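Below are some notes on the model you sent, set out point by point. They go from the overall form to the core.

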Amino acid sequence: MLLCLLLVAACSLSAQHLVSGIVTDVNGQPLAGAKVDVRLVGASLSISTGADGKFQLQTVAPVQEVWVMYSGMQTQVQAPAVDMVFRMERISRWRLEPQTYTWIVSPQVAFPESDTSNPAFGLMAAIVKQWGVYAKCVYSPSEKTHGVYTASSGVLPWTTGKDKRSYMAFTAGAMYRLKCPVYAYAGLGYVNRKVAWQLTDGTYVKNKEYSYSGLTADYGLMLQVGQFTVNAGAMMSVSDGVNFAANAGVGYSF
């Protein structure tokens, strides 16, 4: 009978799952009263660290994760083990990880070929957490043209020296948060650049040598400060030579 009881006790002890460790600040000083959440399958158990910053808990069910929380500190998560070490860091805007998806809406301005006299305006919209997606469109109106001029035309038309330049681009792609409130974004899309020369009779002709359309790449960085965002980047087209359009915007997140 005594042997049976010993065997039952041994089996019971062998079924226990032990998690233990210590919680400290970045300087190695123990943190008393830190909340330790031990996540089980379909349940969780909570304990607090002692004056020495240590904790220990035995469970019958397998442990999935161990969460440690302390006021003013960034929450940490680790896989279960014995003699775990949680080195807590103070919460800062640069280290705070997003908990939910954020919508960003940002008015945009683009300057094709650094032409500040004919900017294109538009909008960028995004939804992002650690990863996200975005779409952007910028546009400046085009002039109605009558005919097309190319270098192969042979005869240079009589012009007034004035021109009208339009730009339209639509891009979409992915965003990634760089471990701080700075996001990198990159995408692809379509661009159409039209340059129209004014003739002496007042009409306009499209100058194909300076106009282009086709695939464009879009890339840049976005900084989030509170609820506001600032982004800067460029759109690059290689359809008819390499052409750049500088791009910037200021937006709002919610």
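1. Burial. This is a predicted model. Of the 254 residues in the protein, 35% are buried.

2. Secondary structure and overall form. The protein contains 17 strands and one helix. Its radius of gyration is 31 Å, whereas the globule rule gives 18 Å for 254 residues, so the protein is more spread out than a compact globule. The C-alpha trace spans about 115 × 35 × 25 Å along the principal axes.

3. Contacts along the chain. Taking contacts between residues at least 6 apart in sequence, 58% join residues at least 24 apart.

4. Surface and charge. About 14,400 Å² of the protein is exposed, and 62% of that area comes from carbon and sulfur atoms. Side chains that count as charged comprise 19 positive and 15 negative ones. The centres of these two sets lie 3 Å apart.

5. Largest nonpolar core. Which residues touch the most other members of this core? They are Val 23, Val 38, Val 66, Val 68, Phe 86 and Met 88, in a core of 16 residues. Two or more residues each are given to this core by strands S1 (17-25), S2 (35-40), S4 (54-59), S5 (63-69) and S7 (84-88). In soluble globular proteins, nonpolar side chains tend to be buried together.

6. Surroundings of Val 23. Leaving aside residues up to four places away in sequence, Val 23 touches Val 68, Phe 86 and Met 88, among others. Its other contacts are Gln 29, Pro 30, Leu 31, Ala 34, Thr 49, Gly 53 and Phe 55.

Definitions and conventions. Residues numbered from 1 in each chain as written. Predicted model: local features only at pLDDT ≥ 70, side-chain atom pairs only at ≥ 80, totals over all residues. Heavy atoms only, no water. Helix = DSSP H or I, 4+ residues; strand = E, 2+ residues; numbered from the N terminus. Rg over C-alpha atoms; globule rule 2.2 N^0.38 Å. Buried < 20%, exposed > 50% of the residue type's maximum accessible area, 1.4 Å probe, protein only. Contact = heavy atoms within 4.5 Å. Areas by Shrake-Rupley, 256 points an atom, 1.4 Å probe, with all protein chains shown as cover. Lys, Arg positive; Asp, Glu negative; His and termini not counted. Charge placed at Lys NZ, Arg CZ, Asp CG, Glu CD. Core = buried A, V, L, I, M, F, W, Y, C linked by side-chain atoms within 4.5 Å.
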